[in-house]
Amino acid sequence: MKPTQSGGSGSKMSEPIEYVTLISDDSDGEPPPKRNATQTTGSTGSSSSQKQKSVADEDSNDAPANSSTGADERRTSRRNRPKVDYSNRPSGVAENAGGAEKTGSGSVSGKDQPERRSQNQTQARRSEANATSVSGQTANNSRPSQNGEGRERDMGTPTVLSGQEGAVFQSRLPFSKMTPNEEACFPDISRSGILGHRVFLNIRNSLLHMWVDNPKVQLTFENALKSLPPPFDSEPCLVRRLHSFLERHGFINFGIFKRVRPIPTKKLGKVIVIGAGISGLAVAQQLQQFGMDVIVLEARDRVGGRIATFRKNSYIADLGAMVVTGVYGNPMTILSKQIGMDLVPIQQTCPLYGPDGKPVPKEKDDVIEREFNRLLESASYLSHRLDFNYAGNCPVSLGDALEWIISMQEMQVMNKRAVHMQEIIAAQTKIIEHRRRLKSVKESIATLKSDHQEMLKQRTPKGVDSDVTYARQEFNIRNTQIKLEDTVKLFRELYEEDKRMEGKLRELEENRPSDVYLSSRDRLILDWHFANLEFANATRLNNLSLKHWDQDDDFEFIGHHTTVRNGYSCVPVALTENLDIRVNSAVKEIKYGTTGVEVVAENLKTSNSQMTYKADLVVCTLTLGVLKVAVAQEESQQNNTVKFDPPLPDWKQQAIRRLGFGNLNKVVLCFDRIFWDPNANLFGHVGSTTSSRGEMFLFWSISSSPVLLALVAGMAANIVESVTDDIIIGRCMSVLKNIFGNTSVPQPKETVVTRWRSDPWARGSYSYVSVGSSGSDYDLLAAPVIPPTCKEPEGLPRLFFAGEHTIRNYPATVHGAYLSGLREAGRIADYYLGYPEGTPPDIGYSVAEAANAVSVGNVVKLRDLSPNLSDSPSSKKSEDNSNSNTADSAELQ
């Protein structure tokens, strides 16, 4: 339904654009090559996972020269590719798992992407509903369609699975097999055969079911054992081990819940968490319940980081994170049950208005959106099929590739026009030659007719001359008559042919190809889609890596995209429960060594007042923007610079420099009444120029309150940082009045303009894969750091990292940041707390070595990052025994 507006919607549709096929449509239908098993959750058995080698991306600094699998092996179409199947089970798998409950709609293999379409639909990568905010909501590159594709997406979303199957799916684990991480931590079960696997899976799936069914109350081992059906309750040791494993790695007992067993009073170690964003709060909550003493240092006077909600009177608007991107498999779904998040599904319809304020005709909008999708398909084809990822020695950006493809399309149009003109010229030349012949035949007819008439006049009766003369005369007359008749017949045939040739020429002239690939109006509409893509990635398209910009697509969650009616900040506020948080404490220096860490922080309320905190380890959740400032020597004098002592290792610094950190801003407008269509959550505005395409290109209306959020993306997001609020608000009002009319738009009662790049504690919005970077850099940023002075073969890391920029499969999202916090808490517990409760003493593996052996990604292992350990026998043994699952495998698998 389109918002009411005075301009009317009956404007004529401009001339449709000319299609030019750059690649065969058959290429979109090619079966995708098998993806790296570490990227497809639950798709790898124990034997194959151990044989797999770590795969590097070509743009990464640690890429092997012969890398040809993994991220390279992907489908040409990023939008048609099915998402990862967490359940990964064949038919009848419930029976194989030991009679586990089987309800719902079955497995979710090839499931739709969260905002996505069916396999035959080609919609763009990221919808506004999939992303929108500075906290890094991962998004899709095309807004929801006007023609009901949002409804189609919801219809294509599998029914929520229930029972054990649904709980396992919600936990992002395979239903019918052990993950590589589980096999590493349960080697006795891994070697026990199919019966042992079935017992393990039934107990594990039952525990997950108990937790997901009631996440408001702590699931203790004792209560879990009582609830297990026989014969699985006869294995208390295995149940205890599994319970401890799931709890340690953040599958159960995470978030805010009623504790049945109190937190241990005896502290097992001291931890400093830097940053009270969602990742910092997650790791702090987990470590505290594990029995560690935790202090959280936060520079702001509030918690939440890039999750920030504007609240005044009855107005509520999220200035940062705003959207829960898919509810199935998302840990935010569990948190919403615990803390009362009011999730509201986003309506996917999005009317689009042109620069003149008039609605863009639906037909035109659909045509341009299809062409936008074709351009992305072509860019993917260039990268992943033709391996066109470098120009000279420089990696190619997505923006460059798209503009090259557009130029090629324009050249194709020019070539087609030239061919068409050549066809017209050839047809005209043929007609000229034909008419010359027709003229010659006509002249022959006249001559023959004249000769025939002359012969008839001079014809002598029979008997006057000799018989021979008479016979010759009659022969000439009849011969001339026959020639005349044949020539007339030929003339008629040539005349009909002339008419046919004229018709063909007329058809060619009437079916002229388009003079241009895109008209100026078409290009502006296409630029709107490009702006939406820039918004989804928080940067200009020229900054995105052509090959790796969408490397996380396979891991997006399915289901509705929702907003939080009561404001997203309710999540971090709830997660502060029972935590020791020191706000207004800006960290200035982080010292780490073999004996522990020291963190120097400045109290921002009392100038020149510094405090030194000592602990066993530190978890750094500083944003990538702040880390970039910390490793940039020329900017070391900035007030919020954090110094690492000793400096971060070179591999960590290089990853920080390579990975991109973008910017996205919002303008909040609070009115006294709603003057737009209350049934639409979104409406778009097409900019007047390519350079201004990201300026107020999309408006959000989240709830029934009279609040609009205008989004500013791409180049415009950086420009607004240096412009006054009055100018920005005036520009917003001008756009709205252009659409709805001067008299319909009242003055706003409250306004807010964000400037996340200028925020000293954020330095931007969220991460993206920049030109020259790859998904491997997320893994490098996630890797903990062992002090360089450590000489022990089993040396402990003292510096850990969490945040949306440290999780390869869920970057730029709130749920990714949260999962990274759960990941690091489990990693720290493995290093510092030893075996999970219930582990037999003769289990046969070192918990520290197991933690070291677990990859921090597809490319790099922790031991590979420490030169002091790389040549040790235990390191080689660890590397030989390790598999290529990611550091996030507990969360991702």
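Tutor: Start with a definition: two strands pair if DSSP finds at least two bridges between them. Keep in mind that this is a predicted model.

Student: Which residue does R311 stand opposite in strand 4?
Tutor: Strand 3 covers residues 309-312, and strand 4 covers residues 315-318. They run antiparallel and are joined by four bridges. Two strands need at least two bridges to pair, so these two qualify. Across from R311, in strand 4, stands I316.

Student: Which residue takes a positive phi in the hairpin of strand 3 and strand 4?
Tutor: This hairpin has two residues between its strands. A positive phi near 55° occurs there, and the residue is N313.

Student: What is the order of the open sheet of three strands?
Tutor: Its pairing is antiparallel. Strand 5 (323-325) and strand 6 (343-345) stand at the edges, because each has a single partner strand. One side of each is therefore left without a neighbour in the sheet. The order is 5-10-6.

Student: By how many degrees are neighbouring strands of this sheet turned against each other on average?
Tutor: The strands in question are ordered 5-10-6. With direction ignored, the average turn between neighbours is 35°.

Student: Which residue in strand 10 is the bridge partner of T325?
Tutor: Strand 10 spans residues 561-564. Its pairing with strand 5 is antiparallel and runs over three bridges. In strand 10, the partner of T325 is H561.

Student: How much of the protein chain do buried residues make up?
Tutor: The chain has 893 residues, arranged with 26 helices and 24 strands. A residue is buried when its relative accessible area is under 20%. Such residues make up 60%.

Student: Among contacts with a separation of 6 or more, what share comes from residues 24 or more positions apart?
Tutor: Contact here means heavy atoms within 4.5 Å. Residues 24 or more positions apart account for 79%.

Student: Why is helix 18 largely enclosed by the rest of the structure?
Tutor: Helix 18 has eight residues, 624-631. Its buried residues are L624, G625, V626, L627, V629, A630 and V631. Their cover includes strand 15 (617-620), helix 19 (650-658) and helix 22 (776-782). The helix is largely enclosed because the number of its eight residues that are buried is seven.

Student: Which residues make the nonpolar surface patch of about 270 Å²?
Tutor: One member lies in the loop between helix 13 (362-384) and strand 8 (390-391), namely F388. Patch residues need over 30% relative accessible area, and F388 counts as partly exposed at 31%. The patch is made by L386, F388 and W404.

Student: What is the N to O distance in the salt bridge of R459 and E474?
Tutor: The two residues are 15 apart. R459 sits in the loop between helix 14 (398-457) and helix 15 (467-510), while E474 is in helix 15. R459 is partly exposed at 39% relative accessibility, whereas E474 is buried at 9%. Their side chains meet at 2.7 Å.

Student: Why are D527 and R523 separated by about one helical turn?
Tutor: They form a salt bridge with closest N and O atoms 3.1 Å apart. Both lie in helix 16, residues 520-537. The separation is about one helical turn because their spacing in this helix is four residues.

Student: Is D527 buried or exposed?
Tutor: The cut-off for buried is under 20% relative accessible area. D527 has 1%, so D527 is buried.

Student: Which residues are linked with R523 and D527 in a network of salt bridges?
Tutor: R523 counts as buried too, at 17% relative accessibility. The salt bridge of D527 and R523 belongs to a wider network. Its other members are E403, E534 and R693.

Student: With which residue does E824 form a salt bridge?
Tutor: E824 is buried, with a relative accessible area of 0%. Its partner is three residues away in helix 23 (residues 814-832), which means about one helical turn. The closest N and O atoms are 2.9 Å apart. The partner, buried at 8% relative accessibility, is R827.

Student: What does the count of salt bridges come to?
Tutor: A pair counts when a side-chain nitrogen of Lys or Arg is within 4 Å of a carboxyl oxygen of Asp or Glu. By this rule the count is 30.

Note on methods: Residues are numbered from 1 along each chain as its sequence is written. This is a predicted model: local features need pLDDT of at least 70, side-chain atom pairs count only at pLDDT 80 or more; totals for chains, interfaces and linings use all residues. Side-chain values use heavy atoms; hydrogens and water are left out. Patches are made of residues with over 30% relative accessible area and no salt bridge: like charges are joined within 9 Å, nonpolar side chains (Val, Leu, Ile, Met, Phe, Trp, Tyr) within 5 Å. Accessible areas come from the Shrake-Rupley method with a 1.4 Å probe; for residues, only the protein chains shown count as cover. Buried means under 20% relative accessible area, exposed over 50%, partly exposed in between (1.4 Å probe, protein chains only). Axes are lines fitted to C-alpha atoms, for helices over the stretch in contact, and angles run from 0 to 180 degrees between N-to-C directions.
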